[in-house]
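Visitor: Hi! Could you walk me through this protein, one question at a time?

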Amino acid sequence: MAEQRLGIVLGGGRSSRMGTDKLELTVSGRTLLQRVVEAALWGCHRVLVVSPSREGFEDPRVRFVLEEPPYGGPAAGLAAAVTDVSWADGATEVMVLAGDLASPDVTVSCLLDGDLDADGVVLVDEEGWPQHLAARYRLAALRAAVVEARGECRGMSVKRLLTRLNLAMKNVPKLATVDLDTPDLARIHGVDGEFSP
């Protein structure tokens, strides 16, 4: 149920491969970040966005948080979000999404299809790679992993952070795991405007 699920959207990177702030790029008048947050709200009662605060998010269910110092990588951003316990408001699980997903509605649909039996479920792309930023996790298991990391999340991969968790892997269509981190991918998926690295 949505009231038991907190959304975490990772969006604190430097967008170095895109050459511009990719989360502000638009598809049909909505930024990439707005699209992901809206999709997350479909399946979650609140959403934490790991990013500097941005305009265009008036919904009171959306809040911004950022690791300190910033640009510590996705594991550090995830740690900053799950340690913000006051915002969980009774949540027992977390949906984690990258902020630059090409089709966030497809990603969320795949994540909500089925029960959460293990510590989490991670979507697997067509090449067989687990996408830990397209996943659902039990909040207690995620927090335990952060505690075990003992503040060493900066620069750590999310895969390493979660190595002790019992995670189910779910194969999904390609569209569910594509993220837009290069100009070529952005053009293929209908991103508006001119941009180059």
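Visitor: Which residues of helix α3 are buried?

Guide: Keep in mind that this is a predicted model. To count as buried, a residue needs under 20% relative accessible area. In α3, which runs over residues 104-112, the ones that pass are Pro104, Thr107, Val108, Cys110 and Leu111.

Visitor: Why do those residues end up on the same side of α3?

Guide: Look at how they spread around the helix axis. That side of α3 packs against other elements, including α1 (32-43) and β8 (130-138). The buried residues sit on the same side because the arc they cover is only 160°.

Visitor: How many disulfides does the structure hold?

Guide: Let's test Cys110, which is buried with a relative accessible area of 14%. A disulfide needs two cysteine sulfur atoms within 2.5 Å. The closest cysteine sulfur to that of Cys110 belongs to Cys44, and at 15 Å it is too far for a bond. For the structure, the count of disulfides is 0.

Visitor: What phi does Gly114 take, just after α3?

Guide: Step past the end of the helix and you get to Gly114. Its phi is positive, at about 120°.

Visitor: How many charged residues are in the lining of the second largest pocket?

Guide: This pocket has a volume of about 210 Å³. Among the residues that line it are Asp125, Glu126, Gln131, Lys174 and Val178. Sorted by class, the lining has 2 nonpolar and 2 polar residues, and the charged ones number 5.

Note on methods:
Residues are numbered from 1 along each chain as its sequence is written. This is a predicted model: local features need pLDDT of at least 70, side-chain atom pairs count only at pLDDT 80 or more; totals for chains, interfaces and linings use all residues. Side-chain values use heavy atoms; hydrogens and water are left out. Buried means under 20% relative accessible area, exposed over 50%, partly exposed in between (1.4 Å probe, protein chains only). Helices (H or I, at least four residues) and strands (E, at least two) are DSSP runs, numbered from the N terminus. The arc is that of the directions from the helix axis to the C-beta atoms. Contact means heavy atoms within 4.5 Å. On a 1 Å grid over the protein atoms alone, a cavity is a set of points where a 1.4 Å probe fits but cannot get out, and a pocket is an open set with protein on both sides within 12 Å along at least five of seven lines; lining residues have an atom within 4 Å of a point. Grid points are joined across faces, edges and corners, and a volume is the space filled by probe spheres set on the points. Ala, Val, Leu, Ile, Met, Phe, Trp, Tyr, Cys and Pro count as nonpolar, Asp, Glu, Lys and Arg as charged, and the others, Gly among them, as polar.
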